[in-house]
Amino acid sequence: AEGLSNENISDCWEHCCDIVSLLGKGLAHSDIAIGNACSKGIVIAFSYNGRDAPILNPKLFDSMALAFDAMSIALKKFSSIDHADPTRASSLIQAAGLLLAASTSGAGFTKDTAPDDKDESNSIDLGPARLQCTEALFGILGSTVYRKDDELSLIVGESLVKYADALGSGEWSTGSDSEWKEGPYDESYAFGLPPHRHVLYTMFKREILSSNPMKRNSCAATFLALVGHASRMANIDKSYTQRAFVQEIWTHLSLFQASFIKLLADPKSKQLSRESCCKGLAACRGLAAVITSSIESNGEASSQVESLNEKLLKAFGQTTNYGQSAMMESEAQAMERRNDADSNNGTAGQEAQVGGAAGMSEATLGAYREMASAAISLNQIDVLYS
């Protein structure tokens, strides 16, 4: 580096910017080999080993903004009904996660010049381009391409983790209040939040409340990726509990648990959704255990864990149909299941007589197995017989 003049260094940065822009332009290429090569090129270029993303040189802001714009277009293209391609989507989602993480230092960046003074080729601002890319990632959940491969929801979750946990702690110009805005989802408010808060607010205020059952199903694996990452890293190193992302997960852990239980009780939940919910409940308990066992734990944390355990036992252990029990079906859910069975079989739908489980649906039997696992984990075996 000592032998390089300022002019040579400037040339190197210019070439780097050109490469990033070209990789972005190739993401939506019709040739799958070229598209995947560009995705992998971005992964290689922006991978890092530390906990926190490195500071992005401002010289790369414009080229990164162009890459984000191209990434959003490519994600929408290969998740649409006309071009749905799970392989291309998977490659793009992974690259998008690293792009978002690597550009954290440029979050919220907009050019100071007036629109008339901007270079036509670099008229995209990095801050808004990042937000549009996250919207494209959320758009994968429940989309046409998700129906072809439901595991994409887990990959989306892992990419959102990279976005949300790229900075351990720091001051943000907006969204410093830990309490979310009341009322329905507000896009302008969401876009002003720090990444770790933006992801959770959008998931709980919009995605999980969708009327589309496929969208709700896809949320389970994404929730698992979020809480699973926090639990795993906190159990490896307790100092990880001080990161902003983990603290945000901990603050809203009751919402994670309630969402997992609600999805388990949903008769339209698919296999991956139910498996994600079971593992997600275990991850919630793992995170609660490590936080309450840390030196910094206090009575408030212990009372929160007791409340979580009580809600979990109530959800699996109660015997009425009126409390959203994960074990029981409501009358409407039972009628919906029987109507589906009648339409598929063309008969009154006689259920198999299996041991003492006659008249129980497969979903109910599965929920009972999950209840048993939870009861054993909590050392509350008597709940199985109450």
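These questions and answers cover charged residues and helices in a predicted model.

Student: How many salt bridges does a search of the whole structure find?
Tutor: The model is predicted, and side-chain atom pairs count in it only at pLDDT 80 or more. A salt bridge here needs a side-chain nitrogen of Lys or Arg within 4 Å of a carboxyl oxygen of Asp or Glu. Searching the whole structure on that basis gives nine.

Student: Which side chain does aspartate 237 meet in a salt bridge?
Tutor: Aspartate 237 sits in the loop between α10 and α11, and its partner is in the loop between α2 and α3, 186 residues apart. The N to O distance is 2.5 Å. The partner is arginine 51.

Student: Are aspartate 237 and arginine 51 buried, partly exposed or exposed?
Tutor: Buried means under 20% relative accessible area and exposed means over 50%. Aspartate 237 has 29%, and arginine 51 has 39%. Both values lie between the cut-offs, so aspartate 237 and arginine 51 are each partly exposed.

Student: Which helices hold glutamate 248 and arginine 197?
Tutor: The side chains of glutamate 248 and arginine 197 meet in a salt bridge, 3.2 Å from N to O. The pair links distant parts of the chain, 51 residues apart. Glutamate 248 is in α11, and arginine 197 is in α9.

Student: Are glutamate 248 and arginine 197 buried or exposed?
Tutor: The cut-off for buried is under 20% relative accessible area. Glutamate 248 comes to 3% and arginine 197 to 9%. Both values fall under the cut-off, so glutamate 248 and arginine 197 count as buried.

Student: Which residues are linked with Glu207 and Lys215 in a network of salt bridges?
Tutor: The side chains of glutamate 207 and lysine 215 meet at 2.9 Å, N to O. Glutamate 207 is buried at 3% relative accessibility, and lysine 215 is buried at 15%. The network that contains this pair also takes in Glu135 and Arg206.

Student: How many of the 15 residues of α5 are buried?
Tutor: Helix α5 covers residues 126–140. Its buried residues include Arg130, Cys133, Glu135 and Phe138. Glu135 also belongs to the salt-bridge network with Arg206, Glu207 and Lys215. The helix is mostly covered, and the buried count is 12.

Student: How far apart are the end C-alpha atoms of α5, and which residue with a positive phi follows the helix?
Tutor: At 1.5 Å a residue, the 15 residues should span 21 Å. The end C-alpha atoms agree with that, being 22 Å apart. The residue after α5 has a phi near 75 degrees, and this residue is glycine 142.

Student: How far apart are the end C-alpha atoms of α12?
Tutor: Helix α12 has 13 residues, 253–265, which should span 18 Å at 1.5 Å a residue. Among its buried residues are Leu253 and Ala265. The distance between the end C-alpha atoms agrees with the expected span and is 19 Å.

Student: How far apart in space are lysine 205 and glutamate 182?
Tutor: Lysine 205 lies in helix α9 and is partly exposed at 24% relative accessibility. In sequence, lysine 205 and glutamate 182 are 23 residues apart. From C-alpha to C-alpha, the distance is 9.8 Å.

Student: Which residues form a negative surface patch?
Tutor: A patch residue needs over 30% relative accessible area and no salt bridge. Aspartate 11, in helix α1, has 32% and is partly exposed. The patch is formed by Glu7, Asp11, Glu14 and Asp18.

Key:
Residues numbered from 1 in each chain as written. Predicted model: local features only at pLDDT ≥ 70, side-chain atom pairs only at ≥ 80, totals over all residues. Heavy atoms only, no water. Patch = residues over 30% accessible without salt bridge, like charges linked within 9 Å, V, L, I, M, F, W, Y side chains within 5 Å. Areas by Shrake-Rupley, 256 points an atom, 1.4 Å probe, with all protein chains shown as cover. Lys, Arg positive; Asp, Glu negative; His and termini not counted. Charge placed at Lys NZ, Arg CZ, Asp CG, Glu CD. Helix = DSSP H or I, 4+ residues; strand = E, 2+ residues; numbered from the N terminus. Buried < 20%, exposed > 50% of the residue type's maximum accessible area, 1.4 Å probe, protein only. Expected span 1.5 Å × (residues − 1).
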